[in-house]
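Trainee: Could you pick one strand of this protein and walk me through it closely, along with its surroundings? I'd like to see how it ties in with the rest.

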Amino acid sequence: MFELQEQHRMIEQAVRQFCEKELAPQVEALDKEEILPYDLIRKMMDSLGLRDMLLSALEKRLEGKEAKQDNEELDALDATRQDILNSYIIMKELSRVSPGFTMAWGASIGLCGLAIINKGNKEQIKKYGIPVLGFDKIGCWGLTEPEAGSDAFGGMKSVAKPDGDYYILNGTKTFITNAPYADIMVVYAKIDRGQPKKEQPVHSFILERGMEGLTTGKPFEKMGMKDSPTGEIFMEDVKVHKDMLLGAEKDNIRDAAKESLGNERSGMPPMALGIIEKCYEQSLKYANERVQFGRPIGEFQAVQLKLANMYIHLQNVWNIVYRIAWMAREGKQDFTFACASKSYCARAALEVAMDAIQIHGGYGYMREYHIEKLARDAKLLEIGAGTTDINLLTVARLELQK
Ligand SMILES: Cc1cc2nc3c(=O)[nH]c(=O)nc-3n(C[C@H](O)[C@H](O)[C@H](O)COP(=O)(O)OP(=O)(O)OC[C@H]3O[C@@H](n4cnc5c(N)ncnc54)[C@H](O)[C@@H]3O)c2cc1C
């Protein structure tokens with residue numbers, strides 16, 4: 001459970017080679033927002049065989065879904081879950097070079113794609129889930145609104161009014177990864193059947209670019225994660241057929257949304273791991289090479305303490321990633337653990353990146369040394385998928401309720 005198997009090592013090696021050859025040379029242009037990440041994502045999917053791997057896992061899963069009606073135990077054999085450590089290794093490797101690139105890929109496949117695959121029916125999976133999973137279409141996942149971030153469900157203003165076989169959607173989503181270029185969007189809205197706001201259930205819908213009344217804003221200018229475009233979604237009387245509702249109106253959407261949030265939160269530790277691993281390796285090397293006062297700076301205890309702290313975070317975050325992968329494989333869900341690990345890993349990544357800059361002194365502050373980008377990107381891990389404080393408060397609330 002606590003070490004990579006041969007197949008994981010091979011994937012790690014292959015992604016590292018892709019990153020060195022293809023991604024690293026483009027990172028500056030991506031970070032300056034001179035180019036978009038999507039062509040490179042498609043290249044990665046093809047050259048690493050990820051497209052085939054994900055689609056064949058989905059095929060097995062679809063077979064499982066059909067067979068599941070007769071045999072519930074098949075769920076535990078779910079092929080996608082078996083492969084989750086592979087996905088985490090890929091995210092880790094990409095995040096060593098560009099967490100922003102990882103986020104553009106992950107938001108499309110992991111958030112939008114998985115929401116459709118986990119909650120959608122066979123037709124929705126075939127029509128929307130497969131193109132998103134294969135990255136033939138870019139996906140985004142829209143929960144956050146201008147006035148509803150941490151209080152995403154309670155404060156939600158987006159509404160879907162039933163109208164015959166349709167829902168009429170109105171509202172605005174903001175800070176949505178990939179929104180400016182997404183072809184397929186999963187958005188959340190309250191279904192308004194005239195009941196008081198508080199009683200309106202939140203549900204998710206699939207939207208397609210080009211639908212009347214559906215527009216997106218320009219990409220926002222950001223501190224980091226610049227290689228993943230972020231923007232708004234505007235819905236003005238968007239007429240959505242009931243076939244585009246994910247799940248059934250009677251479903252308890254909070255549980256499904258919690259699953260999506262759990263997925264989103266579980267995606268952060270592998271990104272944190274990539275940032276920490278790269279910053280630690282680079283700092284160790286620098287501490288051995290950089291000479292001040294006639295000695296390598298690694299001989300000074302103040303630098304050693306930082307390195308030891310980085311090592312502890314690195315080991316802890318690895319252990320968390322292994323455990324989340326194991327839990328996914330076993331079909332175990334633990335929202336408290338997802339929130340706790342997300343907040344721990346996000347803080348650890350930021351701390352390690354900042355210490356890495358400190359160890360590198362003035363050079364660490366320069367773009368050339370790459371860790372200033374990792375530090376800028378790392379800050380987002382403390383904000384996206386619920387802020388660190390909100391995740392910690394959730395942990396405390398759930399534990400106190402036990
Ligand atoms: C680059 C980027 C990409 C993103 N991508 C997506 C995406 O793809 N899809 C999506 O749906 N969202 C996305 N988000 C949105 C993200 O999930 C929200 O920004 C986040 O949940 C915080 O919401 P907020 O920004 O509205 O902050 P607020 O909720 O306004 O919080 C502001 C501050 O108040 C604190 N606070 C709020 N309530 C409480 C409380 N009860 N107790 C204590 N402290 C509290 C928060 O911790 C925070 O420090 C993205 C954000 C960014 C920056």
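**One strand and its surroundings**

Mentor: Let's get our bearings before zooming in. The protein is assigned domain 1 (6–137), domain 2 (142–255) and domain 3 (267–401), with bounds that come from an automatic or database domain assignment. Keep in mind that this is a predicted model: local features need pLDDT of at least 70, side-chain atom pairs count only at pLDDT 80 or more, and totals for chains, interfaces and linings use all residues. Residue numbers start from 1 along each chain as its sequence is written.

Our strand is β4, residues 184–191. Names like that come from DSSP runs: helices are H or I runs of at least four residues, strands are E runs of at least two, and both are numbered from the N terminus. Is β4 enclosed or open? It is largely enclosed by the rest of the structure, because 7 of its 8 residues are buried. Buried means that 20 or more other C-beta atoms lie within 10 Å of a residue's own; 12 or fewer makes it exposed, anything in between is partly exposed, and C-beta atoms are placed from the backbone.

Now for the neighbours. Two strands pair if DSSP finds at least two bridges between them. β4 and β1 run parallel, joined by 4 bridges. Along that seam, W141 has V186 as its bridge partner, while G142 stands opposite V187. β2 also runs parallel to β4, with 2 bridges between them, and here A160 is partnered by I191. β5 (residues 202–208) is antiparallel to β4 and shares 7 bridges with it; M185, for instance, has L207 as its bridge partner there.

Let's stay with β1 for a moment. It is covered on both faces, with G139 and W141 buried on one side and C140 and G142 buried on the other. Just ahead of β1, in the loop that follows α7, you'll find F135. F135 is a bit of an oddity: it has a positive phi of about 60 degrees although it is not a glycine. F135 counts as buried, because 21 other C-beta atoms lie within 10 Å. In the loop between β1 and β2 sits G154. G154 is exposed, since it has 10 other C-beta atoms within 10 Å. The C-alpha atoms of G154 and K190 are 36 residues apart along the chain, yet separated by 9.9 Å.

β1 also brings us to the ligand. Around the ligand there are 22 residues, the closest being L143, T144, G149, S150 and T387; a residue makes this list if its C-beta atom, placed from the backbone, lies within 6 Å. The elements that give two or more residues to that shell are β1 (139–142), β3 (166–177) and α13 (388–401). Domain 2 and domain 3 each supply at least three residues of the shell. By class, the shell splits into 11 nonpolar, 9 polar and 2 charged residues. In this scheme Ala, Val, Leu, Ile, Met, Phe, Trp, Tyr, Cys and Pro are nonpolar, Asp, Glu, Lys and Arg are charged, and the others, Gly among them, are polar.

Stepping further back, the centres of domain 1 and domain 2, taken over C-alpha atoms, are 23 Å apart. Between them, 23 residues of domain 1 are in contact with 16 residues of domain 2, where contact means that two C-beta atoms, placed from the backbone, lie within 7 Å. The largest share of the domain 1 side, 11 residues, comes from α6. That side divides into 14 nonpolar, 5 polar and 4 charged residues.

Last stop: the interior. In soluble globular proteins, nonpolar side chains tend to be buried together. The largest nonpolar core here has 108 residues, and F205, A272, I276, A349 and A353 have the most contacts inside it. Such a core is a set of buried Ala, Val, Leu, Ile, Met, Phe, Trp, Tyr and Cys residues joined through C-beta atoms within 7 Å. Helix α11 (residues 335–364) gives the largest share of this core, 14 residues.
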